[in-house]
Amino acid sequence: MIESARGIVLRRKKDRESDAVITLLCEDGRLLRARFHGILQSKTRSNLTAEPGSHVELVLQSKDASIASVKEGTLLERNDVWKSGYRPLSLLSSVLEFAEGMASACDSDDLYRLIAGGMEEARVHARLFEEPESILFFTAIRIRGLTIAGLTGDLSYCASCGERLGKQARWSVPEISFLCNKCSEETTEADARAAHTLARMAAEGFSSLLSVRQGDNGYIDHLKRVEQLLAICIRHALPFPSPAADALTGGPA
Ligand SMILES: [Zn+2]
């Protein structure tokens, strides 16, 4: 059967000397694996359609269910800015890896829109790859992805009694939920601030999140703490291997 698929290349693996097997996040949110025959040794065909981060359209022949065969590939958008240096590439690989993990937990076109929209942001925000914007961006991608997968509750309210959280709260790591100071004796201002930050990231558009400049060290430390605790929660929520989460939390669990 011949079919076509559009999406973002999440991963490329070399196979059988000159083949590339890619994992594609399709526009409808499902994951698809496809084989480019002989592309790694081809002098006439471009490798760019198999490159992670590229937005592509493929014509496929699906002989067996697990890996489809690429008959024709068209590069729609290379997303060059993401491939322009170490920092962009490393953020790109974290985003793509997270997308793959989330897509295996849920099929949702919202997930595709989140990742595609996130990649567009780099064209608008020149500082996306610098701190604190890179941390804000990646944390926002992850909290939204988790929300799409139904793994977070309402981050402004206590998970036990339902009261709105105040200046003190307790982050119930590894769950992405918070307790108020009536329901926990271990509340802190730092956790209340984390809840507030995550609630904002889940709700606000990238442009309003990223245009706020709060470049002091205290703010960056706060964001790093949120990012690190969130990585622990993700590892518990989704049992997929994650070098990015490992790097943040100091090694595999
Ligand atoms: Zn409570």
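How many Å separate the centres of domain 1 and domain 2, taken over C-alpha atoms? The distance is 29 Å. Please keep in mind throughout this tour that the model is predicted.

**Stop 1: the two domains**

Begin by colouring residues 2-77 as domain 1 and residues 80-249 as domain 2, following the domain assignment of the protein. Next, turn to the place where they meet: 14 residues of domain 1 are in contact with 15 residues of domain 2. On the domain 1 side, select β1 (2-15) and β2 (19-26), each of which supplies at least two residues to the side that touches domain 2. The most comes from β1, with four residues. In character, the residues on this side of domain 1 are six nonpolar, four polar and four charged.

**Stop 2: the strands from β1 to β3**

Stay with β1 and β2, and follow the chain from one to the other. The two strands form a hairpin with three residues between them. Select R16 in the turn, where phi is positive, at about 45°. Along the hairpin, β1 and β2 run antiparallel and are joined by eight bridges. To see one position in this pairing, select R11 together with T23 of β2, which stands opposite.

Now add strand β3 (residues 31-36) to the selection. A hairpin with four residues between the strands connects β2 and β3, and G29 in its turn has a positive phi of about 95°. These strands pair in the antiparallel sense over six bridges. A20 and F36 of β3 stand opposite each other.

**Stop 3: the strands β4 and β5**

Select strand β4 (residues 55-61) next. On which strands does β4 find its partners? With β1, β4 pairs in the antiparallel sense over seven bridges; here A5 stands opposite L58 of β4. With β5, the pairing is antiparallel as well, over seven bridges. Select V56 and L75 to view a position where β4 and β5 face each other, since V56 stands opposite L75 in β5.Then select strand β5 (residues 68-77) with β3: the two run parallel and are joined by two bridges. R35 has S69 as its bridge partner in β5.

**Stop 4: helices α2 and α3**

Move on to helix α2 (residues 109-124) and helix α3 (residues 133-148). Their axes come within 10 Å and cross at roughly 170°, which means that α2 is roughly antiparallel to α3. To show the contact, select D110, L111, L114, G118 and E121 of α2, then F137, I141, R144, G145 and I148 of α3. The residues of this contact comprise five nonpolar, two polar and three charged.

**Stop 5: helices α4 and α6**

Finally, select helix α4 (residues 189-203) and helix α6 (residues 217-237). Are these helices roughly parallel or roughly perpendicular to each other? They pack at an angle of about 80°, and their axes are 10 Å apart. The helices α4 and α6 are therefore roughly perpendicular to each other. Display the side chains of A190, R193, A194, T197 and L198 in α4, which meet H222, R225, V226 and L229 in α6. Five nonpolar, two polar and two charged residues make up the contact of α4 with α6.

How values were computed. Residues numbered from 1 in each chain as written. Predicted model: local features only at pLDDT ≥ 70, side-chain atom pairs only at ≥ 80, totals over all residues. Domains from an automatic or database assignment. Contact = placed C-beta atoms within 7 Å. Nonpolar A, V, L, I, M, F, W, Y, C, P; charged D, E, K, R; others polar. Axes fitted to C-alpha atoms, helices over the stretch in contact; angles between N-to-C directions. Parallel < 35°, antiparallel > 145°, perpendicular 65-115°, else oblique. Pairing = 2+ DSSP bridges.
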